[in-house]
Amino acid sequence: MQLGFFISGGAGQMMQNRLDSISNNLANANTIGYMEDKTAFSSMFSNKMGREGSPDSTSAASLSMNSQYTSIESGSIRNTGSEFDFAIQGKAFFRVQMQDGSEALTRAGNFRMDAEGNLKTQGGQAVLDNNGAPIQLPIGKISATDNGTIFVNGEATSQLGLSMLKDARQIQKAEGVLIRTPKENIVEADNSVSVHHLSLEQSNVNSILTMTSMISTMREYESMMKTLEQYNQQASQLSDRVGVVQG
Amino acid sequence: MMRSLWTAATGMAAQSLNVDVISNNISNVNTTGFKRGRANFQDLMYQQVKAPGSEASSAGTQLPTGIQVGLGVRAASVDSIFSEGSFQQTDNPLDLTIQGRGFFQIQLPNGDTAYSRDGKFSTDSTGQIVTQNGDIVLPGITVPADGQAIQVAQDGTVSVVQPGGVQTILGQIQIADFINPAGLTHLGSNLYQTSNASGQAVIGNPTENGLGSIGQGMLEMSNVSMVEEMVNLIAGQRAYEMNSKAIQAADEMLQTANNVRR
């Protein structure tokens with residue numbers, strides 16, 4: 001069987017995977033704090049034909065989607081006027097506590113409160129302060145400064161915990177606009193980061209680029225299928241024609 | 001089948017909810033005391049295709065990043081934004097506003113208490129101060145038939161001038177505050193009710209303990225900003241379109257696969 005059959009078929013499969021990831025980006029184009037997934041392809045293996053080192057040795061490779069990364073570029077910041085909305089300028093994250101007690105990070109600052117005054121994410125995770133304790137606010141008017149200190153009726157009550165990543169590749173996304181990363185990868189945010197109250201960060205999905213890559217993915221898929229067709233034709237001609245004496 | 005078909009479908013469903021909320025905001029742009037709603041979205045679970053840190057080769061090298069395929073979006077909540085609307089001068093003595101935090105307490109016909117920011121009040125046949133729906137404004141203040149020139153002070157004290165120029169204090173309007181107003185349940189007719197998320201009502205006199213003050217002869221307009229809603233509407237509609245295109249792309253790819261000549 002021709003190796004190219006499987007190469008083009010496999011590539012088609014990878015294009016489908018890429019479209020899956022593009023669809024997820026588009027579905028979340030209006031999700032506050034969502035960070036776009038990007039797909040990178042690389043060749044998986046090569047198959048040497050001919051003797052090693054000989055000038056006519058050729059190789060074939062099959063495409064494999066073996067890496068995907070999350071872009072942590074900032075989305076644009078929009079003023080909303082809602083008092084539980086916070087946006088981060090700079091590459092930092094809010095610290096939140098998962099139900100199992102572990103810590104996760106998020107850039108979605110559209111918080112809400114529960115009946116006890118605990119600040120929560122939309123997914124219900126507790127928002128942590130700079131000491132890692134859940135933030136609880138008394139009743140009153142909320143304001144905040146750009147280092148994340150929250151004032152209630154003019155009195156400083158809490159400071160939002162902000163963390164940065166050492167290696168932005170070592171992250172895993174989780175449901176609810178959260179990211180998980182090993183503890184060693186988290187450092188406290190530096191002075192380059194500021195918090196905007198009454199504002200939210202939009203998703204960082206660039207819709208034009210995403211639509212463009214959607215189209216190119218589709219077309220690449222089509223050409224892979226065409227290649228497959230060519231191989232198929234070749235194979236059928238091989239079985240039909242070879243050995244037939246014409247004339 | 002391709003995941004992207006369903007992923008894009010969740011995107012369309014989410015954007016359609018978004019447009020629903022925006023339409024409700026726009027239709028209530030002139031509703032007294034209306035607070036605009038906002039749909040919040042979250043990404044769905046991720047399918048782990050390859051975990052980061054898994055073995056990449058027999059030599060023990062590890063993958064720096066894995067493959068996670070997201071499965072779309074879902075609505076996390078639709079919450080009301082309780083920012084203050086602008087005030088409109090009406091000069092009607094029973095048009096009241098709360099400047100700052102707090103809600104008027106309204107008694108529903110079934111005896112429950114509801115809460116409202118809409119201060120468009122009137123008196124009924126017995127002289128009681130009621131809402132536009134005829135529900136009593138707590139703590140139930142009755143204006144005597146011969147009372148003239150109703151005065152409502154900043155702290156909620158209601159007084160009238162009776163014949164002979166005697167000023168009589170009728171009562172004090174008390175207002176309620178909540179630790180989490182966004183958690184209140186909507187009853188329609190500009191009314192809210194407490195829920196497990198809002199916390200219990202903290203009742204007090206206006207201007208005390210961080211509560212707002214009462215303004216007379218004014219109404220609080222809705223806090224809907226038309227420009228913002230229109231921009232959100234456009235963004236929502238375009239996001240809806242993009243998701244439909246993603247469905248189309250997935251469909252075309254499947255069609256291509258089906259048409260591969262055998």
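Two residues are taken to be in contact if their C-beta atoms, placed from the backbone, lie within 7 Å. The structure on screen is a predicted model.

**Stop 1: chain B as a whole**

Select chain B and colour by secondary structure: two helices and 20 strands appear. Chain B has a radius of gyration of 27 Å, well over the 18 Å that the globule rule gives for 262 residues, so chain B is more spread out than a compact globule. Turn the chain along its principal axes, and its C-alpha atoms fill a box of roughly 100 × 40 × 35 Å. Of the 262 residues, 39% are buried. Among contacts in chain B with a separation of 6 or more, 64% link residues 24 or more positions apart.

**Stop 2: a helix from each chain**

Next select residues 207-241 of chain A, helix H2, together with residues 226-258 of chain B, also named H2. How do these two helices lie against each other? Their axes come within 9 Å and cross at roughly 5°. Angles under 35 degrees count as roughly parallel, so H2(A) is roughly parallel to H2(B).

Show side chains for the residues that make the contact:

- From H2(A): A:Ser207, A:Met211, A:Met214, A:Met218, A:Tyr221, A:Glu222 and A:Met225.
- From H2(B): B:Met242, B:Lys245, B:Ala246, B:Ala249, B:Glu252, B:Met253, B:Thr256 and B:Ala257.

Coloured by residue class, the contact of H2(A) with H2(B) shows 10 nonpolar, two polar and three charged residues.

**Stop 3: a sheet in chain A**

Now go to chain A and select strands S10, S11 and S12, which form an open sheet in the order S10-S11-S12 with antiparallel pairing. Which strands lie at the edges? They are S10 (142-144) and S12 (155-159), each pairing on one side only. Looking across the sheet, neighbouring strands are turned by 35° against each other on average, direction ignored.

Start with S10(A) and its partner S11(A), residues 149-152: the two strands run antiparallel and are joined by three bridges. To see the register, label A:Ala144, which stands opposite A:Ile150 in S11(A).

**Stop 4: the hairpin**

Move on to the pairing of S11(A) with S12(A), which is antiparallel and extends over four bridges. Here A:Phe151 stands opposite A:Ala156 in S12(A). S11(A) and S12(A) form a hairpin with two residues between them. What stands out in the backbone of A:Asn153, in the turn? A:Asn153 has a positive phi of about 50°.

How values were computed
Residues are numbered from 1 along each chain as its sequence is written. Chains are lettered from A and ligands numbered from 1 in the order in which they are written. This is a predicted model: local features need pLDDT of at least 70, side-chain atom pairs count only at pLDDT 80 or more; totals for chains, interfaces and linings use all residues. Axes are lines fitted to C-alpha atoms, for helices over the stretch in contact, and angles run from 0 to 180 degrees between N-to-C directions. Angles under 35 degrees count as roughly parallel, over 145 as roughly antiparallel, 65 to 115 as roughly perpendicular and the rest as oblique. Ala, Val, Leu, Ile, Met, Phe, Trp, Tyr, Cys and Pro count as nonpolar, Asp, Glu, Lys and Arg as charged, and the others, Gly among them, as polar. Two strands pair if DSSP finds at least two bridges between them. The radius of gyration is taken over C-alpha atoms; the globule rule is 2.2 Å times the number of residues to the power 0.38. A residue is buried if 20 or more other C-beta atoms lie within 10 Å of its own, exposed if 12 or fewer, and partly exposed in between; C-beta atoms are placed from the backbone.
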